[in-house]
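Open the model in your viewer and keep the selection panel at hand. The stops below go from a sheet to its helices, then to a cavity, some backbone details and the confidence values.

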Amino acid sequence: MKIQYIENKNSNLNLVFVSGGPGLSSLSFKPLVNLSDNFNLHFLDAMGTTSELKTEPNYSNLLEEIEDYISNISNVVLCGHSFGGIQAIDITSKINTNIIGLIVIGSPVTENAFKILNQNFDIELSQAHIDISKKLEDSPTNEIYKEWFFVYRDFYFNPKTSINSIKVITDDTVCVKSYSNAIAESATKEECLQSLKNLNIPKLFITGELDRVMPPSSAKHEADIGGFDLAVINDAGHFVHYEHPNETIELINNFLSKMGGKK
Amino acid sequence: MKMTLKVVALLLAIGASAQTIKSYADEIASLPELITEQETVLVNLLNNGKAELREGNEPQVVLTEEEKKELIIKNMVHYIRLIEGKEILLEELQRQQFPDLDIRGILEGRQNPGI
């Protein structure tokens with residue numbers, strides 16, 4: 001794992017960003033860098049993205065490297081996107097005392113959420129979508145993984161701007177092996193979400209109005225189950241924090257400022 | 001045990017891979033009997049622990065854990081087929097969560113979308 005750390009000497013709060021994919025780097029979180037005005041920021045790049053794979057990138061090993069890293073940090077607020085949000089929920093559900101807040105962006109966790117995701121995924125499929133899925137299945141390379149996202153860009157971004165937004169993935173250094181090895185287990189964490197309901201830390205669930213992975217109604221369902229506050233950002237797709245960084249920064253600042261002087 | 005597990009395993013191997021229309025018709029005709037027999041086979045398999053499978057003076061056949069597991073699963077699937085439970089099996093498989101298996105990919109021929 002490779003980490004980019006931006007220190008704020010006036011803050012004791014550590015905001016740790018965990019990316020989705022599986023197999024994407026923290027590139028999509030970089031537009032949130034101005035949060036360093038208030039907090040210490042940790043951008044985590046999972047093994048296989050900007051660093052070599054040290055071991056098999058299955059779900060457990062990817063989770064372990066995050067747990068190892070944050071075990072040495074106090075006052076952690078985990079902020080995970082999509083698959084990264086599932087990991088953040090999984091880690092937080094183990095009642096780590098150093099985690100004092102949780103922010104999840106567009107993460108499907110329950111069976112219901114995955115059902116909706118898959119229904120939406122099957123809408124308006126063209127031959128190009130079918131062909132690239134077959135290509136990825138036959139030849140799961142990093143380049144084809146990026147190509148796959150490019151073909152499916154309207155599924156992940158506001159379609160009006162997706163042709164530009166998709167660069168956050170096509171310019172990334174991705175790890176398809178993490179996707180292949182970890183995606184299935186990510187759909188087995190419903191109990192972790194349920195167990196958060198009674199965990200007395202601030203929890204915020206963010207989703208985009210146009211998110212087809214996690215539509216607002218689906219996000220409300222997940223937020224209710226886990227006891228999260230819910231925030232919906234207009235005109236944004238699944239990469240809401242990348243498409244609308246200023247709104248996301250404002251939401252996170254407001255959310256964390258309620259944590260009683262931790263800022 | 002009149003019907004030995006060895007024979008059952010052989011029957012299954014034949015039944016699963018090369019079932020003819022005739023044998024299928026025969027099977028349908030005696031379905032209740034086949035179901036009862038298969039239930040007995042399953043109960044015996046599950047009760048036998050380290051399976052000791054003998055017929056008459058045949059030498060003792062000791063299955064490894066892997067072989068035993070395979071035999072139980074094949075017989076369970078055969079039972080599901082006999083009771084016409086294929087659709088329920090598929091629905092249940094889709095509901096179940098196997099951390100290391102992409103069930104959707106296996107059943108529907110495509111992988112889960114990235115998230």
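Two strands count as paired here if DSSP finds at least two bridges between them. The model is a predicted one.

**The sheet.** Select the strands of chain A. Seven of them form an open sheet with mixed pairing, in the order β1-β3-β2-β4-β5-β6-β7. Now look at the edges, where β1 (2-6) and β7 (229-233) of chain A stand; each has a single partner strand, so one side of each is left without a neighbour in the sheet. Direction ignored, neighbouring strands of this sheet are turned by 20 degrees against each other on average.

Zoom in on β1(A) and β3(A): they run antiparallel and are joined by five bridges. A residue to pick here is A:Lys2, which stands opposite A:Asp45 in β3(A).

**Helices on the sheet.** Add α1(A), which packs on the sheet and touches β1, β2 (14-18), β3, β4 (76-81) and β5 (99-105) of chain A. The direction of α1(A) makes about 155 degrees with that of β3(A). Next add α2(A), which also packs on the sheet, with β2, β4 and β5 of chain A as the strands it touches. Its direction and that of β4(A) make about 145 degrees.

**The largest cavity.** Where is empty space left? Rolling a probe the size of a water molecule over the atoms shows this. The count comes to three cavities of 30 Å³ or more, and the largest cavity holds about 120 Å³ of space. To centre the view on the largest cavity, select A:Val18, A:Ser19, A:Leu24, A:Ala46 and A:Gln87, the residues nearest its centre among the 15 that line it. β3 (40-45), α1 (59-70) and α2 (83-93) of chain A each supply at least two residues of this lining. Coloured by class, the lining shows nine nonpolar, five polar and one charged residues.

**Backbone details.** Go to the loop between β2 and β3 of chain A, which holds A:Pro22. The peptide bond joining A:Gly21 and A:Pro22 is cis, with omega about -10 degrees. In the loop between α1 and β4 of chain A, select A:Asn75; its phi is near 50 degrees, a positive value in a residue other than glycine. Then move to chain B and the loop between α4 and α5 (86-95), the place of B:Glu84. B:Glu84 is not a glycine either, yet has a positive phi of about 60 degrees.

**Confidence in chain B.** Colour chain B by pLDDT: the mean is 71, and 54% of its residues reach 70 or more. Among the elements of chain B, helix α4 (residues 65-82) has the highest mean pLDDT, 91, and helix α1 (residues 5-17) the lowest, 45. Finish at residues 1-21 of chain B, where pLDDT stays under 50 and the model has 26 contacts beyond four places in sequence.

Note on methods
Residues are numbered from 1 along each chain as its sequence is written. Chains are lettered from A and ligands numbered from 1 in the order in which they are written. This is a predicted model: local features need pLDDT of at least 70, side-chain atom pairs count only at pLDDT 80 or more; totals for chains, interfaces and linings use all residues. Side-chain values use heavy atoms; hydrogens and water are left out. pLDDT is the predictor's confidence in each residue, from 0 to 100. Helices (H or I, at least four residues) and strands (E, at least two) are DSSP runs, numbered from the N terminus. Contact means heavy atoms within 4.5 Å. On a 1 Å grid over the protein atoms alone, a cavity is a set of points where a 1.4 Å probe fits but cannot get out, and a pocket is an open set with protein on both sides within 12 Å along at least five of seven lines; lining residues have an atom within 4 Å of a point. Grid points are joined across faces, edges and corners, and a volume is the space filled by probe spheres set on the points. Ala, Val, Leu, Ile, Met, Phe, Trp, Tyr, Cys and Pro count as nonpolar, Asp, Glu, Lys and Arg as charged, and the others, Gly among them, as polar. Axes are lines fitted to C-alpha atoms, for helices over the stretch in contact, and angles run from 0 to 180 degrees between N-to-C directions.
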